[in-house]
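Let's take a walk through this structure together, starting with its rings and ending with its cores. Keep the model open beside the text as you read.

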Amino acid sequence: MNREISAGGVVVRRASKGWEMAAIEPQKEALPTLGAPGRQKTSQKMLLALPKGLVDLGEKPEQTAVREVAEETGLTAVPVTKLGDSKYTYVRSWGDKARVFKIVSFYLCLYQCGQIDEIAPEMRIEVKRALWIPLQDAVIGLAYRGEKDMVRRAQVYLRAHPEM
């Protein structure tokens, strides 16, 4: 089985109504759904995820998290603490269709500067858009179980560290 090591960030900032978190909407083709003969509908449900990507050779996971946050959201953020690892298996939908065991290390990151969704045009292949969402609603909005768990851990950390 192939292995992949990735890292990503739960980027937070204080807003007037509480904490906000940066999320991405990955670039996915609309999924076909059943419709009347000759009329095919498409599913447009928004899928939200955390910014993340593969750890490059010679890069530490914490550095990858910061780089991926910048590439996928347009934001500069600093890591505060490691939240944990999400481990899962998937089958590649491209190329060799191989089974892959993946580990993604997630870091709580504090927003420093930058404009959300100001990303390089070549990143639009991966990211449809980046947006701020209320941290309290993030667990509901995210699509992946492991990422929801990391947001819960971020919420616990922020409650335990009100000085942030």
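Rings of Phe, Tyr and Trp, with Trp represented by its six-membered ring, pair if their centres lie within 6.5 Å; planes under 30 degrees apart count as stacked, over 60 as edge-to-face and the rest as tilted. Please keep in mind that this is a predicted model. With that in hand, a search of the whole structure turns up two aromatic pairs. One of them joins Y88 and Y90, with 6.4 Å from centre to centre and 45° between the planes, which makes the pair tilted. Y88 counts as partly exposed, at 31% relative accessibility. Y90 is buried, with a relative accessible area of 19%, because buried means under 20%.

The other pair is formed by Y111 and W132, and this one is edge-to-face: the centres are 5.5 Å apart and the planes stand at 90°. Why does this pair tie together parts that are 21 residues apart in sequence? Y111 lies in strand 7 (residues 99–114), whereas W132 belongs to strand 8 (residues 127–134), so the contact between the rings bridges those two parts. How covered are the two partners? Y111 has a relative accessible area of 23% and is partly exposed, while W132, at 16%, is buried. Y111 has a further partner too: the charged end of R13 sits over its ring, 5.9 Å from the centre.

Now step back to the whole chain. Its secondary structure comes to three helices and eight strands, and along the sequence these follow the pattern β-β-β-β-β-α-β-β-β-α-α. Of the 164 residues in the chain, 40% are buried. The accessible surface comes to about 9800 Å², and carbon and sulfur atoms hold 53% of that area. Among contacts with a separation of 6 or more, 67% are between residues 24 or more positions apart.

What lies inside? In soluble globular proteins, nonpolar side chains tend to be buried together. Here the largest nonpolar core has 21 residues, and V10, M21, L135 and V151 touch the most other members. Strand 1 (2–15), strand 2 (18–26), strand 7, strand 8, helix 2 (138–141) and helix 3 each give two or more residues to this core. Helix 3 supplies the largest share, four residues. To see one of these core members in its surroundings, look at L135: leaving out residues up to four places away in sequence, L135 touches V12, W19, E20, M21, V151, Q155 and L158. There is also a second, separate core of 17 residues, and V69, L75, I119 and M123 are among its members.

Two more stops are worth a look. In helix 3 (residues 145–160) you will find D149, which is partly exposed with a relative accessible area of 27%. D149 and D85 are 64 residues apart in sequence, yet their C-alpha atoms are 9.8 Å apart in space.

The last stop is R67, in helix 1 (residues 61–73). A polar atom of the R67 side chain lies 3.0 Å from the backbone oxygen of L54. Setting aside neighbours within four places in sequence, R67 is in contact with L54, D56 and E59.

Conventions
Residues are numbered from 1 along each chain as its sequence is written. This is a predicted model: local features need pLDDT of at least 70, side-chain atom pairs count only at pLDDT 80 or more; totals for chains, interfaces and linings use all residues. Side-chain values use heavy atoms; hydrogens and water are left out. Buried means under 20% relative accessible area, exposed over 50%, partly exposed in between (1.4 Å probe, protein chains only). Contact means heavy atoms within 4.5 Å. Accessible areas come from the Shrake-Rupley method with a 1.4 Å probe; for residues, only the protein chains shown count as cover. A charge sits over a ring if NZ of Lys or CZ of Arg is within 6 Å of the ring centre and within 35 degrees of the ring normal. A nonpolar core is a set of buried Ala, Val, Leu, Ile, Met, Phe, Trp, Tyr and Cys residues joined through side-chain atoms within 4.5 Å. A polar contact is a pair of N or O atoms within 3.5 Å; within protein, one must be able to donate a hydrogen and the other to accept it, and residues adjacent in sequence count only if both atoms are side-chain atoms.
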